[in-house]
Amino acid sequence: MSIDPQADTVDQLILDHLDHSDLPEAAKDLVIAALLGGEELSSVLGGAAPRRPAPLSPDTETPEPIGTYLASIEVTGFRGIGPTATLNLVPGPGLTIVTGRNGSGKSSFAEAAEFALTGQNKRWAGRSSVWQEGWRNLHATESPRIHVRLGVEGHRNGASVECNWEPGAGLDDRTSFLQIAGERRQSVADLGWAQPLELYRPFLSYSELGGLLSGRPSEMHDSLHRILGLGRLVEIENMLKTARREMDDRRKLAASQLPQLRSALASHPDPRA
């Protein structure tokens, strides 16, 4: 149930396109150097021979992702949910819309599931510490608990992710585990979902979705790039833009100093000047 980061796949696609492009070899070398990192790009710009990354071998290729879908979210004593409440879903591909009156717990279910899977919550980012400190529901008589049940292709009984807190424990003082039916418990980190969940954030509130669609053009551009998994392309593009800007600055500096250098050479007594 692991999903490798997309960077290797995107890099391989770039290399494949370069192989079939009509770009000058020098331009191809710079793009490939950028794929290998800033130090390699600086080295090639300085005149070093470019290196070619090794192609992905069959053993290192990204495996086909396993279809994994939310089946239910059970929450106790977390955010706006006091006594245990369960949101049952139909596991399968597609977009799921959860509706309900204000205060019915929609956001709390989403925040609980996102926290169980990632250890953080985007809705809390940038807010005051009071927002995060109020995670424990004061009306709950039991210790906080989050249980996310997953439907997994090829696993009849699926899997689950669970977070538990002892009485008085802080938000980060949780115990969590991944349980695939019939297998031993594992760390949630073993899912390998850190980057995919960042690229394809699974939960959006009404206000967040509205902000995504009605934000400034630059914000919409950045959001769409993250959703489409194009962050790697933006990273390479920015690296090459920065390198070009630095080279342009050097060229302009040399051009500005050339008249003074010519004047100094013209008046120099050594005929070799």
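The legends below describe an overview and several close-up views of a predicted model of one protein chain.

**Figure 1. Overview of the protein chain, with its nine helices and six strands.**
In this predicted model, buried residues account for 29% of the 273 residues of the protein chain. Among the contacts in the protein chain with a separation of 6 or more, 53% are made by residues that stand 24 or more positions apart. The protein chain exposes about 17,800 Å², and carbon and sulfur atoms supply 54% of that area.

**Figure 2. Close-up of the aromatic cluster that ring pairs build from F78, F115, W135 and W165.**
The structure as a whole holds five aromatic pairs. The ring centres of F78 and F115 lie 6.2 Å apart with the planes at 40°, so this pair is tilted. F78 belongs to the loop between β1 (68–76) and β2 (85–88), while F115 belongs to helix α4 (residues 106–118), so that the pair links distant parts of the chain, 37 residues apart. Both F78 and F115 are buried. F78 also forms a stacked aromatic pair with W165, at 6.1 Å centre to centre and with 25° between the planes. This second pair again links distant parts of the chain, since W165 lies in strand β4 (residues 155–165), 87 residues apart from F78. W165 is buried, as is F78.

**Figure 3. Close-up of the largest nonpolar core, which has 30 residues.**
The residues with the most contacts inside this core are V75, F78, I146, V148, V161 and W165. At least two residues of the core come from each of β1, α4, β3 (145–152), β4 and β5 (174–180), and α4 gives the most, with six residues. When neighbours within four places in sequence are left aside, V148 is in contact with L70, S72, A113, A116, A159, S160 and V161. A second, separate core of 13 residues includes V10, V31, A34 and L41.

**Figure 4. Close-up of S72, a residue of strand β1.**
S72 has a relative accessible area of 6% and is therefore buried, the limit for a buried residue being under 20%. Not counting residues up to four places away in sequence, S72 touches T86, L87, N88, L89, H147, V148 and R149.

**Figure 5. Close-up of helix α3 (residues 38–45), in which E40, L41 and V44 are buried.**
These three buried residues, E40, L41 and V44, cover an arc of only 100° around the axis, which puts them on the same side of α3. In general, an α-helix has 3.6 residues a turn, so residues three or four places apart point the same way. The exposed residues E39 and S42 are carried by the face of α3 that is turned away from its buried side. The buried residues of α3 pack against α2 (25–36) and α9 (231–266). Just after α3, G47 takes a positive phi of about 110°.

**Figure 6. Close-up of R185 and the ring of F177.**
The charged end of R185 sits over the ring of F177, at 3.8 Å from the centre of that ring.

How values were computed
Residues are numbered from 1 along each chain as its sequence is written. This is a predicted model: local features need pLDDT of at least 70, side-chain atom pairs count only at pLDDT 80 or more; totals for chains, interfaces and linings use all residues. Side-chain values use heavy atoms; hydrogens and water are left out. Rings of Phe, Tyr and Trp (its six-membered ring) pair if their centres lie within 6.5 Å; planes under 30 degrees apart count as stacked, over 60 as edge-to-face and the rest as tilted. Helices (H or I, at least four residues) and strands (E, at least two) are DSSP runs, numbered from the N terminus. Buried means under 20% relative accessible area, exposed over 50%, partly exposed in between (1.4 Å probe, protein chains only). A charge sits over a ring if NZ of Lys or CZ of Arg is within 6 Å of the ring centre and within 35 degrees of the ring normal. A nonpolar core is a set of buried Ala, Val, Leu, Ile, Met, Phe, Trp, Tyr and Cys residues joined through side-chain atoms within 4.5 Å. Contact means heavy atoms within 4.5 Å. The arc is that of the directions from the helix axis to the C-beta atoms. Accessible areas come from the Shrake-Rupley method with a 1.4 Å probe; for residues, only the protein chains shown count as cover.
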